Every structure is written in C-alpha cells, then in structure tokens.
Amino acid sequence: MCEEDGEFSVSRLIKSVAVIGTGTMGAGIAAASAAAGCRVLMLDITEEAVNGALGQINEADLHLVSTGTIENDLPKIYDYDWVCEAIVEDVEIKRSLFLKLEDHRREKSVISSNTSGIPLSQLSEGMPERFCEDFAITHFFNPVKVMKLFELVPGKETAPDVIEAFSRFGSETLQKGVVHAKDTVNFIGNRIGCFFILSGFHLAKKYLNDGIRQETIDAVLSTPVGLPPTGLYGLVDLIGLDVMELVGRNLAVNLPKEDKGHMFTSFPSVEQSMHDRGQLGRKSGGGFARQIKLADGTREKEVFDLLNEEWRTADPSDEVGLSVGLGEILFQDSLLGQLAWEIFGGTLLYAADLVPEIADDIVNVDNAIKWGFNWVHGPFEMLDYLGPERVIGRLESENVPLPRMLLALKESGGRYFYDHSTSSYLGADGRYAPIQ
Ligand code: NAI
C-alpha cells in the first residue's frame, strides 16, 4: 500500500502517480494505483476521455483521484512522485509530451513510458539530462488489473535509485511480478511471446495444407505443451490482429540483423487480408473464430477456415484426444508431434538464444513468459522439464546448432538450467548463481 509517512531507506519513493493518457492502459494503471491507496492524477486530451476512464476506478478509491486535461492541468503533475506516460504509441508524440512534462515535473520525481516496444534510447535521445536520469520504461500488460507482469527497462543514464523506486512500487505497492528487461525491441515477454505467434502463423500453413484443422492446432499448442487453452489462433483473437501487425512492423525495423524473427515479421497473405478488412479478433466481432446467434437464441462457435477463407461450424472433436503427459507431444513421431516441435519447440529454442541479449538471466525470461503469457513453465523451466539432454540430443542428431544457453549448459557440464537443491540457476557465463 502507499504509505505517505513511512520510514524508508530508498532515496526516491513513489506514493502518488500522475497518469498521462487514460486509454486502455492508462486507466488500468490509474485504477491499480488508486486501489493500492495512492493519490492519482488522470490527464488526457479531453475531459470526455478522462471521464470515460473513471469508470475503471473502484468507487471506494475515487476520493484519491483528480482529473484534468493535458492542455489545462499539466502544472498539477508537480504534486506527484511518478509521471506515467500512457498515450498513443508514437515516438514523436511521446517525445513532445515529455518536453512539456519537464516544465512542470518536480525534482526527484520519476517519469516513465508504458510503450510496448519503442526503444528507450529513441524516446530519450537528446532529452535533458535530468529527464534521462529519472526516466525508465514501465511496461504493464493488458488488462493491468489481471496481468502480473511488470517489465522494467532502464536506459543507459537512468539513475539506480529510479529503478529501485519503480521496482519497489511494482512489487510491494502494486503486487506485480517485476521483471528486469533490457532496452531491446519488444523487451522480454513480447519478444518471445510474439515470436511464438508470428512464427506459428507461418509454420502452421504446412500442417493446415496436410489437413490439420485450426481447432487441432490450437489444441496441440495449449495444455499439451503447458500453454493456456487459447493456443495460437485463440490467443490472437484476444490480442487483436491489428496489435500483432504493429508488433511485426516494429520487429522488422528493430530486430538485430541476424535474428531468426525476421523470417516471420510479415503476415501470411490470408492473415494479412483478414487484417486489412478489419477481421481482427474478439474486438471486431470475429477473427479466427466468432460466436454467432442461431434462430433459436443459442450461440454457436464458428471458425474462419484459413484454407478456403470461409466461415464454418467449429468442430469440438478436433480439440480432444491430446491428453498425453506435459510436453510428451513434442517427441511424438507424428504430424502433431512435428507441429508442436516446430512451433512451440522453436519458440523454446529462440528464447534459449536470447540470454544475455534481452535479459541478464534466465530467471527474468521465465518470469516474463509465465506472468505475461500464462505459460505453466517459462522456456528454461520447460526445457528442464523436458530434459535438456534429450533436447540437445535431438538437435545434434538433426544437425541443428545449439542455441546459446543450451550450448552454455552443455559446456558447463550441468544437466539442468536450475539446480533446485541449491536454489541456483545457470548464468550466461556458464556458472550457477543463486536465485535472488
Ligand atoms: P489507447 O488508444 O487506449 O489510449 C491512448 C490514449 O492516449 C487515449 O486516451 C488518447 O486520448 C491519448 N492520446 C492520443 N493521442 C494523444 C496525443 N497526441 N497527446 C496526448 N494524448 C494522446 O492506447 P493504450 O492501448 O492504452 O496504449 C497506451 C500505451 O501503452 C501505448 O504506448 C501502447 O503501445 C502501450 N501498451 C498497450 C498495451 C495494450 O495491450 N493496449 C499493452 C502494453 C503497452
């Protein structure tokens, strides 16, 4: 909870929040902060926008909330410890807002952006020194109330006590799971989670052409591999194809040149047509699936068949019969086994290549994926569950180069990424370190 008078050793402390931009994310951050007992200021372009967002705040917390417009009420941010920017995802619009905020933000307050993927370096380039020291990315997941993940990204010039203040606020006040990420494209959760989706779109085509239905693909890429029941297409229906397209475009520009993700940043043609005609997912009344109301008032699920591009009744029988032990499907000698290995296994191997590039350690990667995408096990925990020797053996027999962390494990002589007897994990340097 927010304590205005408590005794704390940290030099900066967040007890009040000014949220600028009160759309989906800003409203969620404001509501979570007020629910934790913090004073909150909500500003947006228009009063209507702010008033609409007020509906998200618990009635019991409304006394903590003040509202206003960016044009008239910016000086009020002086009274707040944390200025949280959550406006439209546009680097120039965000930067010009930051400059205006700097005129009113008080000394030792902290400032952040909730951007989903703009590199911090682009947001802070050429900004005043004080801004660069006090600035970080605080990346919440949608819906803020429900999602545990809170990614924290420092810039090169961010002061350590700023990160400490955000970290403490995230974990203690908001009760989120704080993950320390680096300033790389899409940070941790979305870098790996969106690779799963975008590579899945492309790699699934072969199996669709072989007669495997979308329902089956979703069923394979869910409980059998420790993912939520939404699988692949169901997950995108939740997120929205429009959001995924933006993510793909951002990746195309900002992924390192040699990154495997480049193969998948554009949509396959059918998914692109769906996007272009506004068939985006649940938000537009249908994407890969939809619910229709029948004449007798009952509802029926339909699936958009990706082969003939027509709606058809969903076949629930395609979603059953996969009750093997967790992960075993990856090693099955069958089309479904191959599908699971290529798409889910491919995502595990991708993640295993990204430490220390996107995170200092495997623990932050595992936490980001569990808390942001609701996987039962993070990628490294899952590799441990499957047995790294088994995975390495398969890759070597197929002449596939080992991803960085699997190679580090092999060279270390260790058998697992985590040593639970000593509560330690394998570091990128090949040595085990205690889990903090
Ligand atoms: P939104 O569209 O729901 O809200 C954006 C708000 O910004 C609106 O209230 C709008 O009035 C305001 N706005 C628009 N143009 C503006 C301008 N020129 N100056 C000041 N305010 C302006 O967007 P959402 O989804 O809340 O996203 C906000 C930020 O959070 C973006 O950077 C987005 O990438 C990021 N984000 C979004 C997630 C999501 O799932 N929606 C998840 C994580 C991050």
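Select Pro 356 to begin: Pro 356 sits in the loop between α13 and α14. Helices here are DSSP runs of H or I with at least four residues, strands are runs of E with at least two, and both are numbered from the N terminus. The peptide bond joining Val 355 to Pro 356 is cis, with omega about 10 degrees. The model is predicted: local features need pLDDT of at least 70, side-chain atom pairs count only at pLDDT 80 or more, and totals for chains, interfaces and linings use all residues. Residue numbers start from 1 along each chain as its sequence is written.

Next, go to Asn 142 and Pro 143, where the connecting peptide bond is also cis. Here omega is near -5 degrees. Pro 143 belongs to the loop between β6 (135-140) and β7. Most peptide bonds are trans, and most residues other than glycine have a negative phi.

**Positive phi**

Select Asn 374, in the loop between α14 and α15. The phi of Asn 374 is positive, near 60 degrees, and the residue is not a glycine. Asn 374 counts as partly exposed because 18 other C-beta atoms lie within 10 Å. The classes are buried for 20 or more other C-beta atoms within 10 Å of the residue's own, exposed for 12 or fewer, and partly exposed in between, with C-beta atoms placed from the backbone.

Move on to Asn 399, in the loop between α16 and α17 (404-412). Asn 399 has a positive phi near 60 degrees as well. With 6 other C-beta atoms within 10 Å, Asn 399 is exposed.

**Helix α15**

Select residues 379-386, which make up α15. Because 7 of the 8 residues are buried, this helix is largely enclosed by the rest of the structure. The buried residues are Pro 379, Phe 380, Glu 381, Met 382, Leu 383, Asp 384 and Leu 386. To see what they pack against, add α8 (189-209), α13 (335-352), α14 (362-373), α16 (388-397) and β12 (418-419). Contact between two residues means that their C-beta atoms, placed from the backbone, lie within 7 Å. Gly 387 follows α15 and has a positive phi, near 100 degrees.

**The sheet at β12**

Keep β12 selected and add β13 and β14: these 3 strands form an open sheet in the order β12-β13-β14, with antiparallel pairing. Strands pair if DSSP finds at least two bridges between them. β12 and β14 (432-434) are the edge strands, each pairing on one side only. Between β12 and β13 (residues 424-426) there are 2 bridges. Look across from Tyr 418 to find Tyr 425 in β13.

**Around the ligand**

Now select the ligand and the 22 residues around it. A residue is near a molecule or strand if its C-beta atom, placed from the backbone, lies within 6 Å of it. Which residues come nearest to the ligand? They are Gly 23, Met 25, Ile 87, Glu 89 and Asn 142. Two elements, α1 (24-35) and α4 (91-102), each give two or more residues to this shell. The largest share, 3 residues, comes from α1. By class, the shell has 11 nonpolar, 9 polar and 2 charged residues. Ala, Val, Leu, Ile, Met, Phe, Trp, Tyr, Cys and Pro count as nonpolar, Asp, Glu, Lys and Arg as charged, and the others, Gly among them, as polar.

**Domains**

Colour the protein chain by domain: domain 1 is 16-180, domain 2 is 189-319 and domain 3 is 346-434. These bounds come from an automatic or database domain assignment. The centres of domain 1 and domain 3, taken over C-alpha atoms, are separated by 33 Å. Where the two touch, 8 residues of domain 1 are in contact with 6 residues of domain 3. On the domain 1 side, β7 (149-154) and β8 (177-180) are the elements that give two or more residues. β8 gives the most, with 3 residues. That side divides into 4 nonpolar, 2 polar and 2 charged residues.

**Two exposed loop positions**

Select Glu 125, in the loop between α5 (120-124) and α6 (129-134). Why does Glu 125 count as exposed? Because 12 other C-beta atoms lie within 10 Å. Add Arg 95, which is 30 residues from Glu 125 in sequence and 9.2 Å away in space, C-alpha to C-alpha.

Finish at Pro 75, in the loop between α3 (70-73) and β4 (82-85). Pro 75 is exposed, with 10 C-beta neighbours inside 10 Å. A C-alpha to C-alpha distance drawn from Pro 75 to Gly 297 spans 54 Å, with the two positions 222 residues apart in sequence numbering.
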